[in-house]
Amino acid sequence: MSSHSSSYIFTPETFDVPYISLPDRLKELAAEHPEREAMICWSTDGQRRSITYSELYTRSELFAKGLATFGFERNSVIAVTNTNCTEWLICTFGSQMVGLIPLHFSLANFSVGDIVSLLNGIGRCTAIVMEQSNIEVCNDFIDNFNKTTKSLISKKVPTLRNIFFMNSTDEKFMTTQDICNIGSTSVLTLPHISADDICGVFGERWLQAVNPLCV
């Protein structure tokens, strides 16, 4: 078989898409192809990292259970900055598993003012997971938090209560792995999130998010 026949441009023009939530589809793939790599990424120093469907589902579920211990209200928004790493997938799937709505944006294209406007515009954003590709923007955003209180309260985004990092050496902030570790000891039961749950609420929140940026 020619290598060209497996190219993306040779995929069928039409195909059936199951009407299920992404977490449910991930669960199916983890059962059908547990050892198949779900994501492969390369670091700037040439290091290869990958995660299988089984690992992705397990770690996403742990992340969800860890998030559940923070008491976030269902259908609240958790902002997740875009980056090519396995933690990004874990945060995205795990957030949906616990009933939160992940909102993605790139630090490469946003200033601190843009982030503040976005989070205030969408409302109910109670947490943000950041990555350190643009450390200057990260530091400027963190400066908006009142560090004198036990819980980090944003001065400019009143609904924001928590800031996490995908990976960080700063012990002041919890990482994706830290939250997974909490989830590994949690006895909380995760809610079942249907496709209707995700599509209906996500569409409403997305329109609320983009409208302020289009003014």
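**Notebook: strands, helices and a salt bridge**

I started with one residue pair: Val-77 stands opposite Cys-125 in β5. I noted straight away that this is a predicted model.

Next I looked up the strands behind that pair. Strand β3 covers residues 77-81 and strand β5 covers residues 125-130; they run parallel, and 4 bridges join them. I reminded myself that strands of a sheet pair through backbone hydrogen bonds, either parallel or antiparallel.

Then I wanted the whole sheet. In what order do the 4 strands stand? I read off β4-β3-β5-β8, an open sheet with parallel pairing. Why is one side of β4 and of β8 left without a neighbour in the sheet? Both stand at the edges, β4 at 101-105 and β8 at 162-165, and each has a single partner strand, so one side stays free of a neighbour there. I also jotted down the twist: neighbouring strands of this sheet are turned by 25° against each other on average, ignoring direction.

After that I checked which helices lie across these strands. Helix α3, residues 86-97, lies across β3, β4 and β5, and runs at about 150° to β4. Helix α5, residues 135-142, lies across β5 and β8, at about 160° to β8.

I stayed with α3 and looked at its meeting with another helix. The axes of α3 and helix α2 (residues 53-68) come within 7 Å and cross at roughly 55°. That angle makes the two helices oblique to each other, and their crossing is right-handed. Who makes the contact? On the α2 side I listed residues including Leu-56, Tyr-57, Phe-63 and Leu-67, and on the α3 side residues including Leu-89, Ile-90, Phe-93 and Met-97. Sorted by type, the residues of this α2 and α3 contact come out as 10 nonpolar, 3 polar and 2 charged.

I moved on to the other strand pairing on my list. Strand β1 (residues 37-42) pairs with strand β2 (residues 48-52) in the antiparallel sense, over 5 bridges. Here Glu-37 stands opposite Thr-52 in β2. The hairpin of β1 and β2 has 5 residues between the strands, and in it I found Gly-46 with a positive phi near 90°.

Last, I went through the salt bridges. How many does the structure hold? I got 4. One of them I looked up in detail: the side chains of Arg-25 and Glu-28 meet at 2.9 Å, N to O. Both residues lie in helix α1 (residues 22-32), 3 residues apart, which is about one turn of the helix.

Methods
Residues are numbered from 1 along each chain as its sequence is written. This is a predicted model: local features need pLDDT of at least 70, side-chain atom pairs count only at pLDDT 80 or more; totals for chains, interfaces and linings use all residues. Side-chain values use heavy atoms; hydrogens and water are left out. Two strands pair if DSSP finds at least two bridges between them. Axes are lines fitted to C-alpha atoms, for helices over the stretch in contact, and angles run from 0 to 180 degrees between N-to-C directions. Contact means heavy atoms within 4.5 Å. Angles under 35 degrees count as roughly parallel, over 145 as roughly antiparallel, 65 to 115 as roughly perpendicular and the rest as oblique. A crossing is left-handed if the near helix is turned anticlockwise from the far one by less than a right angle, and right-handed if clockwise. Ala, Val, Leu, Ile, Met, Phe, Trp, Tyr, Cys and Pro count as nonpolar, Asp, Glu, Lys and Arg as charged, and the others, Gly among them, as polar.
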